[in-house]
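Open the model in your viewer and keep the selection panel handy. We will start at the ligand and then walk outwards through some helix packing.

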Amino acid sequence: MQTDFMHYINELPEIPEQSALAFKNHLGELVEKVNSMMASRADVGILTGNNPVLMMFDNHKNHALFMSNVFSLGAWELLVKTIPWVYRTYYNYGFDYAYFPAHFKAWCRALEQLLPPDDAAPLIKVYEWMQARHEDFIRGSEQYSQDVPEPAADWRETCETFVQGLLAADRTTCMEIAAKSAASANRLADFYLNVIQPAMYAVGSKWEAGEISVAKEHLASAIVNRIMSMQYLEVMKQPAQSKGKAVVTASANEFHEIGTTMVANLLEADGWDVAYLGANTPVKDFLEFVSSHDFYIVAISASMVFNLESIRNAIEHIRSWSVTKQPWIMVGGLVFNYAPELAEKLGADGYAPDCRQAVVLADKWLNNKRNT
Ligand code: B12
């Protein structure tokens with residue numbers, strides 16, 4: 001991911017809490033207003049490359065949730081890193097670059113119409129800034145390349161064959177590679193980090209470039225999930241679970257769970273007694289679950305910016321519990337790899353960039369109770 005827009009951050013205004021809150025509270029109405037303004041334009045077909053209008057509506061919904069998180073967390077670095085990606089991806093799917101300033105303008109008008117003027121003013125400045133930087137974002141989009149983690153040299157060929165297998169629906173080859181590469185629990189981390197993770201990132205880059213369909217990406221995810229379950233049964237027979245209790249989940253509304261599963265499996269292989277909740281755990285249910293167990297470690301994953309607020313809410317609740325009930329909280333996932341400083345902003349104790357480092361972090365906390 002290109003980072004040459006970081007110096008633009010100081011052009012962006014402070015967002016008062018009240019404005020961020022107003023944006024969040026009017027999210028649904030704002031999206032509807034922008035949808036209707038954009039859909040009624042005579043040039044909507046040109047702007048969206050004649051894609052179904054629902055694709056544009058989907059973008060407006062994701063954009064609103066994304067901006068709500070950016071405003072409330074002041075996460076400008078994520079804004080400047082993500083905009084070129086959005087331009088690039090929608091452009092690859094046929095949208096015209098002119099769509100972007102047009103929809104930023106629609107957001108300005110919706111904000112003017114729906115929010116009290118004092119709340120709207122700083123938010124409108126951000127949208128005006130995005131319009132003013134349009135040409136730079138096009139340049140950023142053209143230069144954009146996703147950071148794809150490279151497998152170690154001696155794994156490269158295996159990873160390449162695995163990717164081909166995923167894309168060709170050749171689950172037999174993928175399963176054979178998995179069986180050969182990770183015949184025991186202590187080989188799992190190498191297999192995850194040198195085969196599955198770079199393979200899934202490569203799949204993501206192809207999807208983003210419009211080279212493969214959503215169906216192929218789903219197929220790859222499904223093969224990987226089946227392989228990881230198969231390995232779980234075969235190599236994780238009875239790891240000793242003496243280190244303490246940990247709960248691992250993807251945040252509310254977070255459907256990326258492969259990396260989360262890796263963290264859960266490696267913690268378990270390392271001797272932690274893990275409750276793994278999987279994807280999209282609602283905050284309320286998560287809190288109920290965590291509060292009724294004595295977890296030493298809570299691990300929360302997110303890939304999408306628009307899920308950060310729900311992690312902040314969950315952590316804020318946990319921090320309001322008595323001192324003796326405080327677990328160690330770690331966060332991770334793609335969005336934190338873009339902006340690791342968010343971990344502290346959300347109130348977590350730590351962050352790790354990958355599943356192996358997550359285990360190192362947990363072990364650092366071992367025998368070191370948070371409240372002592
Ligand atoms: C598969 C996939 C999906 C699948 C997920 C299926 C599943 N069962 O998990 C589905 C179809 C659901 C999906 C949906 C979407 N996706 Co998607 N997806 C991917 C893809 C291709 C692979 C994800 C993956 O498995 N990566 C491999 C794992 C191993 O890597 P990882 O998650 O980073 O995990 C590692 C570390 O981050 C860390 N880690 C992870 N969790 C944790 C937790 C803790 C506590 C710690 C310490 C560490 C840690 O350890 C892991 C192992 O080392 C990525 C591409 C990519 N670059 O990742 C896009 C990607 C993440 N998706 C993307 C998008 C846009 C979406 C959608 C918005 C698409 C849409 N329009 O609907 C939705 C959002 C859904 C939602 N609300 O969550 C974009 C995000 C772009 C951005 N800049 O924000 C990406 C990057 C694709 C791209 N190249 O453009 N997606």
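Helices and strands here are DSSP runs, helices of at least four residues and strands of at least two, numbered from the N terminus. Keep in mind that this is a predicted model.

**Stop 1: the shell around the ligand**

Select the ligand and show what surrounds it: you should get 40 residues, and the closest are Q197, Y201, N253, H256 and S301. Which helix gives the largest share of the shell around the ligand? Colour α11 to see the answer, as α11 supplies 7 residues. Elements that give two or more residues to this shell are α11 (188-208), α12, α13, β3 (297-301), β4 (328-332), α16 (334-338) and α18 (355-365). Colour the shell by class and you will find 21 nonpolar, 13 polar and 6 charged residues.

**Stop 2: the cobalt atom**

Now pick the cobalt atom of the ligand. How many donors does it have from the protein? There is a single one, NE2 of H256, 2.2 Å away. Follow the chain on either side and you will see that H256 sits in the loop between β1 (244-250) and α13 (258-269).

**Stop 3: polar contacts of the ligand**

Select Y201 next: an N or O atom in its side chain is 2.5 Å from an oxygen atom of the ligand. Then move to F255, where a backbone N or O atom lies 2.8 Å from a ligand oxygen atom. Finish with G204, which has a polar backbone atom 3.3 Å from a nitrogen atom of the ligand.

**Stop 4: α12 beside α13**

Two packed helices are described by the angle between their axes and the distance between the axes. Show α12 and α13: their angle is about 10° and their axes are 11 Å apart. The two helices are therefore roughly parallel to each other. Turn on side chains for S221, V224, N225, M228 and Y232 of α12, and for I258, T261, M262, N265 and E268 of α13, to see the contact. Its residues divide into 5 nonpolar, 4 polar and 1 charged.

**Stop 5: α12 against α9**

Keep α12 (residues 214-235) and add α9 (residues 156-167); they pack at about 115°, with axes 8 Å apart. From α9 the contact uses F162, L166 and L167, while α12 brings K216, L219, A220, I223, V224 and I227. By class, that is 8 nonpolar, no polar and 1 charged residues.

**Stop 6: α5 across α8**

Last, select α5 (residues 76-92) and α8 (residues 134-143), whose axes come within 8 Å and cross at roughly 75°. This pair is therefore roughly perpendicular. Look for I83, P84, Y87 and R88 on α5, meeting H134, F137, I138, G140, S141 and E142 on α8. This contact has 5 nonpolar, 3 polar and 2 charged residues.

Definitions and conventions: Residues numbered from 1 in each chain as written. Predicted model: local features only at pLDDT ≥ 70, side-chain atom pairs only at ≥ 80, totals over all residues. Heavy atoms only, no water. Axes fitted to C-alpha atoms, helices over the stretch in contact; angles between N-to-C directions. Contact = heavy atoms within 4.5 Å. Nonpolar A, V, L, I, M, F, W, Y, C, P; charged D, E, K, R; others polar. Donors = N, O, S within 2.8 Å, 3.2 Å for Na, K, Ca; no water. Parallel < 35°, antiparallel > 145°, perpendicular 65-115°, else oblique. Near = heavy atom within 4 Å. Polar contact = N/O pair within 3.5 Å; in protein donor to acceptor, adjacent residues only side chain to side chain.
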